[in-house]
Amino acid sequence: MSNMMKAMNLAAPGFTRRKFLKGLAVGAGVASLGSYEAAAQMVAGPRVRPVRGWGVPEGLIRLSSNENPIGPSPRAVEAIMQYVYKFNRYYRGRGLYAQIAERHGLPVVTPSNNNEDRAEPWVTLGCGSSEVLYAIASAYMRDGGQMIEAAPGYGGVVRTARNFGARVRLVRTTPDFHQDLDAMKAAITEDTRVVVITSPGNPTGIIAPFDDLKKFVSDVPSNVMVFVDEAYIEFARNPQDRIGAAPLILDHENVIVTRTFSKIMGMAGLRVGYGLARPHVIEKLEENKGGRVSSLSVVAAEACIEDQDYQDRARASAWAGHDYLTGQFEEMGLEYVPSQSSFMLVNVRTDADEVTRKLFEEYNVLVGNGKRRWRMNNWLRVTSGLQEENEAFIAALKKVLVSS
Ligand SMILES: Cc1ncc(COP(=O)(O)O)c(C=O)c1O
């Protein structure tokens, strides 16, 4: 029996497509091509090579973690290469604080290297913005209290606050997935310490407009911290929206804004993020953080923040991906949430556990599972990838939905 015939014989009931593909690939004498790659190649159409994403193994299509698919900024890579022989030293440069403050129109004050000197910066750096989110929970809810966030929401502060024993009040988004600022305001009690607003929301991708935020901040008691998480705001189509909430800090003591180098700047693995607030708030956050960001991460961030061309390319890639994906979802008759972020929600009208499992096991495609994370039983959260990654995802999704 030929190898091909043997493989075909194995494709009997109970024999999965994955095993079939593996048998086919090995049987056909292409042992170097694993089953995942073969599957990815198949769903990508008549290509002669497997889908190749940046920073992932060949054939893996990772659209689950909202990472930047276009690879790192060449300027950031160059900066690291130039610095690489110096990391035996602690990093003394403070230029990144100035670059960040300037970018957001805040007073440029850099922290001093000397502990005696009391410089009062408006910026704090973190090991990813995650560290700043942790610091917010630690600074304001270590001895309990209440916090408010939208549901569905990112939940980064919620996780830490709960560990500290704080109470969490989740406020449902409106039916079209906007954060309901009026309801969040109404949920504030004497015990409320922090309100978290994520703009654009994760997983919704919907922006909280500046005017709404401004009104919200003016209306809430000044002892309630309003934290605006802007991890994805640079993907917004309207440049005005990308300014975000930082200008509110000039007039309000109780506003904290975070951003990250993990998304538009393509540096997720280097772990750099930052918080913006008035100096006494920054000081409080500093007291609640761990160590310092590594020298290689800082030099990469300094280079990347100036690399406008790279950021434009990352934005263009996300938008092109959204246009393609929404076009496909419309053709397939699937409801989706129009997103201003690098990912979007889609309702596949089938159990999300089942769909995400099949996408991964049969086609090596990873997407976010709305059921597991937000109890959105039929929803996936899909990061916009490179065009060929998006095409492979859609091809795989079509096959999975037909078989479900
Ligand atoms: C809304 C939101 N905030 C914060 C973060 C934390 O990102 P990082 O720690 O990489 O800056 C993420 C990560 O996915 C996120 O989605």
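Two residues are taken to be in contact if their C-beta atoms, placed from the backbone, lie within 7 Å. Helices (H or I, at least four residues) and strands (E, at least two) are DSSP runs numbered from the N terminus. The model is predicted: local features need pLDDT of at least 70 and side-chain atom pairs count only at pLDDT 80 or more, whereas totals for chains, interfaces and linings use all residues. Residue numbers start from 1 along each chain as its sequence is written.

An open sheet of seven strands shows mixed pairing (at least two DSSP bridges between two strands) and the order S2-S8-S7-S6-S5-S3-S4. Strand S2 (123–126) and S4 form the edges, each pairing on one side only. On average, neighbouring strands of this sheet are turned by 20 degrees against each other, direction ignored. Six bridges join S3 and S4 in the parallel sense, and Arg172 in S4 is the bridge partner of Ala151.

Helix H7 (residues 156–163) contains the buried residues Gly156, Val157, Val158, Thr160 and Ala161, a residue being buried if 20 or more other C-beta atoms lie within 10 Å of its own. These buried residues pack against helix H6 (129–141) and against strands S3 (146–151), S4 (167–172), S5 (192–198) and S6 (225–229). H7 lies across S3, S4, S5 and S6 and runs at about 145 degrees to S3; axes are lines fitted to C-alpha atoms, for helices over the stretch in contact, and angles run from 0 to 180 degrees between N-to-C directions. After H7 comes Gly165, with a positive phi near 90 degrees.

Helix H10 (residues 279–287) lies across S2, strand S7 (255–260) and strand S8 (273–276), running at about 20 degrees to S2.

Technical notes:
Buried ≥ 20, exposed ≤ 12 C-beta atoms within 10 Å, placed from the backbone.
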